[in-house]
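Me: I'm new to this one and keep tripping over the wording. Could you show it to me, and then let me ask why things are called what they are called?

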Amino acid sequence: MTPNTQHLALPFFDDVHRALGAGLVHWAAAQQVDETDDRAACREWVQRLGDAGWLRYCVPAGMNGEFGGALPKLDSRALVILRETLAFHSPLADFAFAMQGLGSGAITLAGTPAQQAAYLPQVASGKKIAAFALSEADAGSDAGAMTTSAVPHHSDWVINGSKTWISNGGIADFYVTFVKTDADAGTRGITPFIVDATTPGLDASEHIAVMAPHPLATLAFSNCVVPAASQLGSLNDGFKLAMQTLDIFRASVAAAALGMARRALAEAVSYSKQRRMFGGKLSDFQLTQAKLGEMAALVDAAALLTYRAAWLRDEGERTGHLARVTAEAAMAKMTATENAQRVIDMALQLHGGLGVKVGSKVESLYRDIRSLRIYEGATEVQQLIIGKALIKA
Ligand code: COS
């Protein structure tokens, strides 16, 4: 099944996005990856996405193309098109793509030229798998409450503590890890470090199994020594960097949800046109038409908010007036993930018994979508962000 690409004609997009979308649709439709083992499948997807050049959209090009990116800067609309299209085909392919961007995002935003040169080209080619380590058992929505710490030791830092729900945990080559460098300063005492997976004192072997397969692990840091050169950005300024990274990727989570919702709608339309019932087709009934109409409107509402958030950020980069797009990204993430859950549920209902049969597309989408309403800021966090922005304005 191939997605409709009419939305690429919207004025949010440029010709570069339209060409990207058209090429990607054909590539994605031709890919078949056995996803029985999520870790092996994720590695396979990273390799394929790297070989095909799609991961080049996860990093910027650099002044002379030295970082390997496809475009001069991280382009939110390209990320949106890639995630939407990949998620339509395989939520795991989308996940593999997205984590390369999220995991390296803080290096793109605040890395030194040496850090960028060491990591970004490898992320763009798929030779290194990236991860973003922010959450802890008692610091999920309240990210500032983290307790994993780094203390200076000679010219190094020593990390102790634990991170959890880390996507790509156990298969990543490096973890951008946010830790407390001033225990009493709350969100103003956090610094990220790039921790290579082979660093002694880092254990990523505790895998977490979730309802829709996706590599996740808990990371244990036990006197894990990292060099001063692995510090990312200014000391104690890491919370803002984490939030800036999320500002970019939250709109892309919205796009992933949108891709899944578009797939569910396409499956529902196709099924309702062939399913025989009461002497006609399922699509003949007004109840079915009303449901499909509602689903299409939920999808388009999500799409417009998602494209607006991405366009606003790109426009800020282009004009040099990069205002915060936190509230717009939050609206997109909240609406697209919540709407996708409803659309997928309605698609499943239209499939009747087949909808809950293991192996049917709507059954796997039903499981795939659920975590998107939680990760990278739960719906309730997005509501809080939007509300706070309104009060501040
Ligand atoms: N860009 C730049 N700076 C930002 C920012 C953003 N998007 N969001 C917050 N900040 C800054 C604030 O301006 C504030 O700066 P000052 O200390 O200079 O005043 C600082 O960061 C703290 O902000 P705030 O007071 O809003 O922080 P809170 O502790 O209240 O937390 C929420 C805010 C809940 C929004 C934040 O913790 C959050 O996003 N949590 C969810 C985390 C998440 O997504 N986890 C999933 C991880 S990835 S799977």
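Me: What makes serine 141 a polar contact of the ligand?

Reply: A polar contact is a pair of N or O atoms within 3.5 Å; within protein, one must be able to donate a hydrogen and the other to accept it, and residues adjacent in sequence count only if both atoms are side-chain atoms. Here a ligand nitrogen sits 2.7 Å from a polar backbone atom of serine 141, so the pair meets the cut-off. Arginine 188 uses a polar side-chain atom, 2.6 Å from a ligand oxygen. For glycine 377, a backbone N or O atom is 3.0 Å from an oxygen of the ligand.

Me: How much of the ligand's accessible area does the protein cover?

Reply: On its own the ligand has 1000 Å² of accessible area, and the protein covers 76% of that. Such areas come from the Shrake-Rupley method with a 1.4 Å probe; for residues, only the protein chains shown count as cover.

Me: Before we go on, what kind of model is this?

Reply: It's a predicted model, where local features need pLDDT of at least 70, side-chain atom pairs count only at pLDDT 80 or more, and totals for chains, interfaces and linings use all residues. Numbering starts from 1 along each chain as its sequence is written, and side-chain values use heavy atoms, leaving out hydrogens and water.

Me: Which residues surround the ligand most closely?

Reply: The shell has 22 residues, and the closest are Ser141, Arg188, Lys240, Asp247 and Arg250. To be near, a residue needs a heavy atom within 4 Å of the molecule. The helix α6 (238-274) gives the most, with seven residues.

Me: Why do you say the ligand lies between two domains?

Reply: Because domain 2 (132-236) and domain 3 (239-392) both give residues to its shell. The bounds come from an automatic or database domain assignment.

Me: Why is threonine 148 called buried?

Reply: Buried means under 20% relative accessible area, exposed over 50%, partly exposed in between (1.4 Å probe, protein chains only). Threonine 148 has 1%, so it counts as buried. Its place is in the loop between β1 (130-133) and β2 (149-153). A polar atom of its side chain is 3.0 Å from the backbone nitrogen of serine 162. Across the chain, buried residues make up 55% of the 393.

Me: How do you know that the chain's radius of gyration agrees with a compact globule?

Reply: The rule, over C-alpha atoms, is 2.2 Å times the number of residues to the power 0.38. For 393 residues that gives a value near 21 Å, and the chain has 21 Å, so they agree.

Key
Helix = DSSP H or I, 4+ residues; strand = E, 2+ residues; numbered from the N terminus.
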